[in-house]
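Morning, everyone. Let me put the structure up, and then we go straight in.

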Amino acid sequence: MTFKEKVNALITEALLERPSIFLIDLSISDSFKISVGLDGDNGVALQDCIDISRAIENNLDREEQDFSLEVASVGVGSPLKFTRQYKKNIGRTLIVTTNSEKIEAELVEANDVFIILSWEAREPKKIGKGKETVQKTQQIPYTEIKEAIVTVTF
């Protein structure tokens with residue numbers, strides 16, 4: 001079993017005890033720096049990061065392979081990668097980049113195939129001069145999304 005396989009197995013085992021937490025990113029550099037990014041259905045608490053870190057560190061032997069370890073929750077500005085992340089962010093504003101456009105809108109629905117965004121836009125009136133505010137919605141399959149980031153509004 002390679003070092004990466006062993007680390008992956010330890011993370012998987014630790015996450016089985018916490019079904020609301022899930023792995024977003026795992027990277028191991030050539031110098032054996034382990035970086036683990038976590039997210040959760042209800043967010044990630046500091047204690048979750050500590051517990052996952054201990055589950056990894058206590059089961060690896062530094063005599064066998066020296067390493068450094070960093071376990072953290074993904075940041076607010078991190079792109080969404082998994083369907084589960086979209087589902088937990090329903091009701092929040094996203095900036096979604098596709099091959100053809102960039103949309104800032106509220107995420108109103110997310111399933112296993114696509115998301116639905118909703119936003120208000122100012123468009124020319126159909127009759128007469130001026131503009132009117134219209135409500136727009138758009139369904140976007142995950143396959144067309146290049147990047148989606150949750151925006152923070154104050």
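How many aromatic pairs does a search of the whole structure find? Three. Keep in mind that this is a predicted model.

Take F3 and F32. Their ring centres are 5.2 Å apart, and the planes stand at 90 degrees. Planes over 60 degrees apart count as edge-to-face, so that is what this pair is. The two residues come from distant parts of the chain, 29 residues apart. F3 is in helix 1, residues 3-16. F32 sits in the loop between strand 1 (21-28) and strand 2 (33-40).

Now, buried or partly exposed? F3 has a relative accessible area of 18%, and F32 has 26%. The cut-off for buried is under 20%. So F3 is buried, while F32 is partly exposed.

F3 has another aromatic partner, F67. Here the centres are 6.2 Å apart, with 45 degrees between the planes. That pair is tilted. Again it links distant parts of the chain: F3 in helix 1, and F67 in the loop between helix 2 and strand 3 (68-73). The separation is 64 residues. Both F3 and F67 are buried.

Put these together: F3, F32 and F67 form one aromatic cluster.

What sits over the ring of F67? The charged end of R62, 4.1 Å from the ring centre.

Next stop, helix 2. This helix covers residues 46-57, and I56 lies in it. I56 has a relative accessible area of 0%, so it is buried. Which residues does I56 touch, leaving aside those up to four places away in sequence? L10, I11, V36, L69 and V71. Look at L10 in particular. L10 and I56 are 46 residues apart in sequence, yet their C-alpha atoms are 5.8 Å apart in space.

Last topic, the sheet. Five strands form an open sheet, with antiparallel pairing. The order is 7-6-5-4-8. Which strands stand at the edges? Strand 7, residues 131-141, and strand 8, residues 145-150. Each has a single partner strand, so one side of each is left without a neighbour in the sheet. Neighbouring strands are turned by 40 degrees against each other on average, direction ignored.

One pairing in detail: strand 4, residues 93-98, and strand 5, residues 102-110, run antiparallel and are joined by five bridges. Want a residue to click on? Start at V96; its bridge partner in strand 5 is I103.

That's my tour. Over to you.

Definitions and conventions:
Residues are numbered from 1 along each chain as its sequence is written. This is a predicted model: local features need pLDDT of at least 70, side-chain atom pairs count only at pLDDT 80 or more; totals for chains, interfaces and linings use all residues. Side-chain values use heavy atoms; hydrogens and water are left out. Two strands pair if DSSP finds at least two bridges between them. Helices (H or I, at least four residues) and strands (E, at least two) are DSSP runs, numbered from the N terminus. Axes are lines fitted to C-alpha atoms, for helices over the stretch in contact, and angles run from 0 to 180 degrees between N-to-C directions. Buried means under 20% relative accessible area, exposed over 50%, partly exposed in between (1.4 Å probe, protein chains only). Contact means heavy atoms within 4.5 Å. Rings of Phe, Tyr and Trp (its six-membered ring) pair if their centres lie within 6.5 Å; planes under 30 degrees apart count as stacked, over 60 as edge-to-face and the rest as tilted. A charge sits over a ring if NZ of Lys or CZ of Arg is within 6 Å of the ring centre and within 35 degrees of the ring normal.
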